[in-house]
Amino acid sequence: MKLHRLAGYGPAFVLVITLLALWELYVHLGQVSPLYLPAPSAIIQALINNWGVIYDNTVQTLLETVLGMGIAILLGLLLAVLLDISGWLRRAIYPLLVVSQTIPIIALAPLLLLWIGYDIRPKLIVVTLYCFFPIAVACADGLASAEPELMNLLGSMRASRWQTLWLVRLPGAMPSFFSGLRIAATYSVTGAIFGEYVGGFKGLGIYMEKATNSFATVLVFAAILVTAVLSLLLFGLVSVIERIALPWYHGTVARS
Amino acid sequence: MDAPKLLVQGVTKIFRTGRQRLDVLASIDLAIAAGEFVSLIGPSGCGKSTLFNIIAGVEQPTSGMIAIDGDAEHVRTGKTGYMPQQPLLLPWRTVEENVMLGLDVRHVPRKKARYEANELLKHFGLAEFAHNYPSTLSGGMRQRVALLRTVLFNRSFLLLDEPFGALDALTRLACQMWLLDLWQEVHSSVLFITHDVREAMLLSDRIYVLSARPARVLRIVDVDLPRPRQPEQLALEQAVQLEQELMSLLLKEQSI
């Protein structure tokens, strides 16, 4: 079973290896300056040599990402429930949510620095801004999709509004919530790096900026690699949590 | 003498949307004694389910009086075991937890609720599926689980809306016999909606025949077949005659 699932990643694996090999060949045969484009082997080498520094920065970025995601989850769930409580609130809040996504973060991030400072808070705000929207929208849609007949059933049992939410609507919205969470997870690391890029002391964003400024292209690529791996791991983690949290949604026969 | 389990007098229902007016129920009278099994049959779309929702307290009548156990004053939600057409089992709850749903709504302690659910499952032959998720059950089993959920919430008065309508003939018959056993065990009063004449005859003490919309009671028929009922009894001459009568009555009402 596990082997079978691993085999599913086979095509992606083959494609990635092929692309990397072509890249490596291109750099070596074309005599490309490593200043422009370092070869994959050189990137790995640089990553190993500078692991101590990169690790330090990665921990900082990861901290921002996870905290920001946490806030985004709470905010997203809260907004979804608010949207669900009354049609009036929905009509009032929904447009604002959409507008919040049209704010160019590239313009907002420097302002956040100006208003708040160089500590972790502006990064958390950027991550939250990136991540809460897919969570809130997916979860609100999930809540709204509860069957009216089911609401009648709960009504006939004289269930309170909160009981209906807690016993039926929220659990029913969990698959949608996790879909939103997966999208948010892919945005989150990039969001944190962007927050750092504008100004800060530590983190992969800062590291990349410093590396760019000193023409250490290979280190930029090393940091990009770490970013990609981090995003994949977060995405994977969300999927694992979903499998554990929603066994019924993944075709498990029975609960032991 | 005790008050009847259910007394419905002069209940009408008119839906208005804008200028449109839809008369669904035109003055319905009906009564169910304690422990009686009464069926409502009528052509499809005649407003049976609306009447049902009104009795369960999920909808309110436009006019008329409904009394459960002689009480016409208080809200009716919580006083019936209501089972809509689809089983509406919650996919994230196991069979046992689905059966417990009504007790959760009533804030019965979990341990006690679990115990009662298990007793019921054991008694009615579903114990081995207690920890299964509904997605792994057959259609007939889902309906039976939904029925047990209904019984555990309120065993004194069951409102069953075409519970076996979607099952194949054989499963359906098995479920009907199972329901008769259950009814005799728990001494419920039952109001059963169906558009299947044979089903109504097999199960009921009395049958109300409703007209096409706006629905009124066309006829009330006592079913004089001995208890416990067996499917063979439907082949008795008096039964065949009754079936023909009811069929032709319904056919006149049914439009296609």
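**Close-up 1. Helix 4 of chain A and helix 11 of chain A lie oblique to each other in this predicted model.** Angles that are neither under 35 degrees, over 145, nor 65 to 115 count as oblique, and here the axes cross at roughly 40°. Helix 4 spans residues 51–85 and helix 11 spans residues 217–245, with axes that come within 11 Å. The crossing of helix 4 of chain A and helix 11 of chain A is right-handed. From helix 4 of chain A, look for I54(A), T58(A) and L62(A); their partners in helix 11 of chain A are A222(A), A223(A), V226(A) and L230(A). Sorted by class, this contact holds six nonpolar residues, one polar and no charged.

**Close-up 2. Helix 2 of chain B packs against helix 4 of chain B.** Here residues 95–105 meet residues 139–153 at an angle of about 30°, and the axes are 7 Å apart. That angle makes the two helices of chain B roughly parallel. Their crossing is right-handed. On the helix 2 side of chain B you will find V95(B), N98(B), V99(B), L101(B), G102(B) and L103(B), while helix 4 of chain B offers V145(B), L148(B), R149(B), L152(B) and F153(B). The class tally for this contact is eight nonpolar, two polar and one charged.

**Close-up 3. Chain A meets chain B.** The contact draws 20 residues from chain A and 24 from chain B. On the chain A side, helix 8 (148–156) and helix 9 (161–198) each supply at least two residues. Helix 8 of chain A gives the largest share of that side, six residues. By class, the chain A side has 11 nonpolar, five polar and four charged residues.

Note on methods
Residues numbered from 1 in each chain as written. Chains lettered and ligands numbered in written order. Predicted model: local features only at pLDDT ≥ 70, side-chain atom pairs only at ≥ 80, totals over all residues. Axes fitted to C-alpha atoms, helices over the stretch in contact; angles between N-to-C directions. Helix = DSSP H or I, 4+ residues; strand = E, 2+ residues; numbered from the N terminus. Left-handed = near helix turned anticlockwise from the far one by under 90°. Contact = placed C-beta atoms within 7 Å. Nonpolar A, V, L, I, M, F, W, Y, C, P; charged D, E, K, R; others polar.
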